Structures are given as structure tokens and as C-alpha cells.
Amino acid sequence: MEKVRIDDVDNDVQPAAVMRGLTEPLGATDLAINYYELEPGDSFAFAYHSHEIQEELFYVQSGTATFETESGDIAVEAGEIVRFPPGELQRGWNRGDERVVALALGAPLSYGEQTTLRECPECGERTDHDLTRRAGASSSDEAVVAICAACGTETGEWTRGSTPGEVP
Ligand SMILES: [Zn+2]
């Protein structure tokens, strides 16, 4: 048995005000669990993406999350839950005025291949990107950077609790 107080878990680097990874603290072996709080303009993810193997579910506890999906934008309101099967592209945002509180569940733990699509200003279209974690002098300087796989342009950089400034 493992019990975790979510507030006690460190904030991770994501384009969201709060992202606490609960998988390791809980010792979960087959399920990824992340707690999110999104300020208006924040996102759950670094890119429009899909996982080859992992299915992903989002339970929205408060606020309204909006997911870009292959069938258009889908609003997921408080008390609703959405599932994306393996291979389906999606990216969730907070496009409302209220903070979004949500739990993301993914299974199995392994992604398999990840498709990561972002708008590249150099290429003038959405391209495949590589996400790289850059170590800093301290954990608060640690960053994730997104680099266009086609031309090498850096299209995004995030630190812990940073605001993304990329509302679509
Ligand atoms: Zn490019």
C-alpha cells in the first residue's frame, strides 16, 4: 500500500502551472498518473502528440479543458473524463478563464514511439519535434526544449511552473 499527499510531490517541468508526477511516488508499475493545474493559456503537453502503445485518459475535476483532436476541438468539463486510444493525436489546453484541475492517467507506462508535432516558423508547418531535457545549475533551472526535427529550430522552452505564452 502506498498513500501520497499530492501537494507533497515536487512540481515537474511542463507547460502547466502545476504538474506533479504521481507514478513514482506511488510506485505504480503499469499506470502513469499525473496531477495537473492549468492556468488560462497553459497546456497539458509540449506538443500535439500521440503514443504508440499508451492510452491516455484525462479526468477534469474543475474548470474546462479543451483538447485539440483529430476530429476537432473537444471541451471536457468538470466531472467529465476523456480517453484517447493509442495512436490518436491530441493536445489539451486551458482556453477558459478558470484554473483547470485534472488527473491524467496513462497505461501501460511505456509510450512506445511518440509522435510530437509542433508548428515550426522556419518550416511554415507542423513538423515532428524532439523534446530534450536540459539540466540547469539547480532544479529550478531545469528546462525542456522542443527542436524541429526537420530544420533544427528551437520552437519552445519550458521551466518549472513556467507560463507557455503560446495560446493557439
Ligand atoms: Zn523546422
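These are my notebook entries on pockets, salt bridges and strand pairing in one predicted model.

**Entry 1: the open sheet**

I began with the strands. Five of them form an open sheet, in the order 1-2-9-4-7. The pairing is antiparallel. I then looked for the edges. Strand 1 and strand 7 (81-84) are the edge strands, and each pairs on one side only. I also looked up the angle between neighbours. Neighbouring strands of this sheet are turned by 20° against each other on average, direction ignored.

Next I took the pair at one end. Strand 1 and strand 2 run antiparallel and are joined by four bridges. I picked out one bridge here: Gly21 has Asn34 in strand 2 as its partner. I kept Asn34 in mind for the pocket.

**Entry 2: a hairpin**

I moved on to strand 5 (residues 64-69) and strand 6. They pair in the antiparallel sense, over six bridges. The two strands form a hairpin, with two residues between them. Which residue of strand 6 stands opposite Thr69? I found Gly72 there.

**Entry 3: the largest pocket**

I looked up the open space next. The largest pocket holds about 740 Å³. Its lining has 34 residues, and the closest to the centre are Gln14, Met19, Asn34, Tyr36 and Tyr111. Asn34 is thus on two of my lists: it is the bridge partner of Gly21, and it is among the residues closest to the pocket centre.

Which elements supply the lining? I noted those that give at least two residues each. Helix 1 (23-26) is one of them. The strands are strand 1 (18-21), strand 2 (32-38), strand 3 (48-51), strand 4 (55-62), strand 9 (100-107), strand 10 (114-120) and strand 11 (125-134). I compared this with the sheet order, where strands 1, 2, 9 and 4 also appear.

How does the lining divide by residue type? I have 17 nonpolar, twelve polar and five charged residues.

**Entry 4: the cavity**

I then turned to enclosed space. How many cavities of 30 Å³ or more does the count give? The count comes to one. The largest cavity holds about 40 Å³. I listed its lining: Ser50, His51, Gln54, Glu56, Phe84, Pro85, Pro86, Gly87, Glu88 and Gln90. By type, these divide into three nonpolar, five polar and two charged residues.

**Entry 5: salt bridges**

I looked up charge pairs next. The structure holds eight salt bridges. I went through some of them in turn.

Arg99 pairs with Glu37, and the closest N and O atoms are 2.3 Å apart. Arg99 lies in the loop between strand 8 (90-93) and strand 9, and Glu37 lies in strand 2, so the pair ties together parts that are 62 residues apart in sequence. I checked exposure on both sides. Arg99 is partly exposed, with a relative accessible area of 30%. Glu37 is buried, at 15%, because the cut-off for buried is under 20%.

Asp73 forms a salt bridge with Arg95, with the closest N and O atoms 2.8 Å apart. Asp73 sits in strand 6 (residues 72-77) and Arg95 in the loop between strand 8 and strand 9; the pair links distant parts of the chain, 22 residues apart. Arg95 counts as partly exposed, at 34% relative accessibility.

Glu157 forms a salt bridge with Arg134, and here the closest N and O atoms are 3.1 Å apart. This pair also links distant parts of the chain: Glu157 is in strand 13 (residues 154-158), Arg134 in strand 11, 23 residues apart. I looked up both accessibilities. Glu157 is partly exposed, with a relative accessible area of 44%. Arg134 is partly exposed too, with 37%.

I also noted a network. Salt bridges link Asp12, Arg133 and Glu142 in it.

**Entry 6: a cis peptide bond**

I looked at the backbone after strand 9. Which residues does the cis peptide bond join? They are Ala107 and Pro108, and omega is about -5°. Pro108 lies in the loop between strand 9 and strand 10.

**Entry 7: Ala143**

Last, I looked up Ala143. This residue has its place in strand 12 (residues 143-148). Is Ala143 buried or exposed? At 3% relative accessibility, Ala143 counts as buried. I then took its separation from Leu26. The two residues are 117 apart along the chain, and their C-alpha atoms are separated by 25 Å.

Conventions
Residues numbered from 1 in each chain as written. Predicted model: local features only at pLDDT ≥ 70, side-chain atom pairs only at ≥ 80, totals over all residues. Heavy atoms only, no water. 1 Å grid on protein atoms, 1.4 Å probe; cavity = no way out; pocket = protein on both sides within 12 Å on 5 of 7 lines; lining within 4 Å. Points joined across faces, edges and corners; volume = space filled by probe spheres on them. Nonpolar A, V, L, I, M, F, W, Y, C, P; charged D, E, K, R; others polar. Salt bridge = Lys/Arg side-chain N within 4 Å of Asp/Glu carboxyl O. Buried < 20%, exposed > 50% of the residue type's maximum accessible area, 1.4 Å probe, protein only. Pairing = 2+ DSSP bridges. Axes fitted to C-alpha atoms, helices over the stretch in contact; angles between N-to-C directions.
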